[in-house]
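Colleague: Could you take me through this model and tell me how each label was earned?
Modeller: Gladly, here it is.

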Amino acid sequence: MRKSVVAIVGRPNVGKSTIFNRLVGERISIVEDIPGVTRDRIYANAEWLNHTFNIIDTGGIEIGDEPLLVQMRQQAEIAIDEADVIVFLLNGKEGITAADDEVAKLLFKSNKPIVVGVNKMDNPQMHETIYEYYSLGFGQPFPISGTHGLGLGDLLDEVVGHFPNEAEEEKDEDTIYFSLIGRPNVGKSSLVNALLNEDRVIVSEIEGTTRDAIDTKLHRDDQDFVIIDTAGMRKRGKVYESTEKYSVLRALRAIERSDVVLVLIDAETGIREQDKRIAGYAHDAGRAIVIVVNKWDTVESNEKAMKEFEKNIRAHFQYLDYAPVVFLSAKTKKRMHTLIPAIKVASESHTKRIPTNVLNDVIMDAIAMNPTPTLKGKRLKVLYATQVAVQPPSFVVFVNDPELMHFSYERFLENKIRDAFGFVGTPIKLFARRRQ
Ligand code: GDP
Ligand code: GDP
């Protein structure tokens with residue numbers, strides 16, 4: 001099921017990031033809650049009632065040194081392109097300004113549902129001025145206060161009421177959805193083309209979820225795949241498309257819909273800081289991952305070089321120790337045949353279920369080998385474990401006291417589960433829960 005997307009637009013300082021952080025809630029860690037750093041986060045999950053959705057803070061997408069009005073216009077365009085519902089935020093202490101009117105005009109033409117939030121209405125007396133905002137033409141304006149958390153419930157009720165019918169866009173269970181992410185020029189579009197040409201059984205181009213996203217079907221090795229569009233694959237030539245924040249946004253949206261994410265690395269230029277950030281998003285999202293080293297034609301390609309490169313990858317991406325590495329060239333098609341099998345393996349791992357009895361045999365053997373830790377004289381007791389979810393495989397370990405589950409012991413159990421069942425290509429999750 002595709003999650004709906006909400007974008008917040010508005011002038012600088014109306015409170016976009018304050019509202020964004022409120023809606024994202026405790027998921028923003030304290031470490032990230034430093035001025036300037038919070039703005040690194042422009043896309044996140046949010047929840048309201050029984051809806052989970054994604055939210056974009058368009059104010060975080062800075063577009064070069066363009067004049068303010070141009071930037072705002074582009075941020076509004078991004079919202080129109082990416083979102084199902086747009087929250088148009090104004091400053092209730094200042095009223096409607098000329099810049100607000102400009103944005104309103106653009107939003108008006110978009111045919112997207114617009115919900116007006118009038119922020120900084122910190123006390124009820126201020127609500128008298130709310131009528132002024134009807135003149136924008138988007139219906140009922142909602143008085144809110146980001147700092148005090150007032151009025152957000154009514155605003156969100158309105159927002160979720162505009163979500164498209166979520167049941168309509170069901171994913172096909174038997175199809176593997178994958179996306180390609182990586183820095184500009186690593187070869188994402190070349191690799192997609194190579195996959196499609198090599199194969200010559202493109203079934204069709206199916207309508208994507210946003211107006212101009214195109215998903216491509218592919219049938220290979222008795223398996224249906226859908227390649228999800230990512231930034232860089234279609235260059236429409238809009239100014240904001242070249243900004244890093246926007247490409248991150250597109251990558252995150254593609255990751256969201258993927259079962260398997262291919263993290264592309266350029267063999268010619270080697271591993272860069274940006275590669276690590278990009279891979280981190282896929283890992284955090286709990287997707288299956290295959291690392292693809294593209295442009296393998298540009299280096300001397302023998303077994304030894306591969307081993308060296310892989311060692312380098314392992315050192316840089318320690319958290320991705322589960323991800324298989326594939327070396328290929330989208331240009332010469334060398335070693336292209338290694339890609340699809342790796343995607344299939346990662347997807348199988350991602351959806352694999354381990355029967356409870358088999359799992360417990362492994363856990364109990366592990367405990368016998370390496371006794372559980374103690375804290376202040378109290379020993380951790382593991383009662384039993386069970387797999388509670390797939391995509392990614394998630395396990396609950398029932399214990400006498402979760403506080404006693406030391407991080408390193410958790411890692412140890414995770415490793416034992418991996419040793420026993422493989423799970424190549426997928427992260428796994430382990431939770432300790434109390435059971436007397
Ligand atoms: P953005 O540029 O639109 O993302 O705005 P920010 O979220 O960075 O907020 C700009 C300023 O307005 C900050 O100093 C906030 O603390 C302040 N602010 C945000 N929401 C409220 C509110 O509801 N009431 C008041 N009084 N100040 C607010
Ligand atoms: P994207 O921005 O990630 O979509 O990258 P492109 O697919 O547009 O490729 C960027 C450049 O790298 C183009 O000039 C491609 O021809 C080149 N390229 C892509 N794959 C390979 C490859 O496997 N080997 C070599 N030598 N060049 C490649």
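Modeller: One term first: helices are DSSP runs of at least four residues, numbered from the N terminus. Please keep in mind that this is a predicted model.

Colleague: Which helix gives the most to the shell around ligand 2?
Modeller: That is H5, residues 188–199, with 3 residues. The shell has 16 residues, and the closest are Gly187, Lys188, Ser189, Ser190 and Lys331.

Colleague: What makes a residue count as near a molecule?
Modeller: Its C-beta atom, placed from the backbone, has to lie within 6 Å. Around ligand 1, 15 residues do so, with Gly15, Lys16, Ser17, Thr18 and Gly146 the closest. Here helix H1 (residues 16–24) gives the most, again 3 residues.

Colleague: How do the two shells divide by class?
Modeller: Ligand 2 has 3 nonpolar, 9 polar and 4 charged residues around it. For ligand 1 the shell holds 2 nonpolar, 10 polar and 3 charged residues. Gly counts as polar in this scheme.

Colleague: Now the helices: why is H2 called roughly parallel to H3?
Modeller: H2 (residues 68–82) and H3 (residues 98–109) pack at about 30°, their axes 10 Å apart. Angles under 35 degrees count as roughly parallel, so H2 and H3 earn that label. The crossing of H2 past H3 is right-handed.

Colleague: Which residues meet there?
Modeller: From H2 come Leu69, Met72, Arg73 and Ala76, and from H3 Ala99, Glu102, Val103, Leu106 and Leu107. By class, this contact has 7 nonpolar, no polar and 2 charged residues.

How values were computed: Residues are numbered from 1 along each chain as its sequence is written. Chains are lettered from A and ligands numbered from 1 in the order in which they are written. This is a predicted model: local features need pLDDT of at least 70, side-chain atom pairs count only at pLDDT 80 or more; totals for chains, interfaces and linings use all residues. Axes are lines fitted to C-alpha atoms, for helices over the stretch in contact, and angles run from 0 to 180 degrees between N-to-C directions. Helices (H or I, at least four residues) and strands (E, at least two) are DSSP runs, numbered from the N terminus. Angles under 35 degrees count as roughly parallel, over 145 as roughly antiparallel, 65 to 115 as roughly perpendicular and the rest as oblique. A crossing is left-handed if the near helix is turned anticlockwise from the far one by less than a right angle, and right-handed if clockwise. Two residues are in contact if their C-beta atoms, placed from the backbone, lie within 7 Å.
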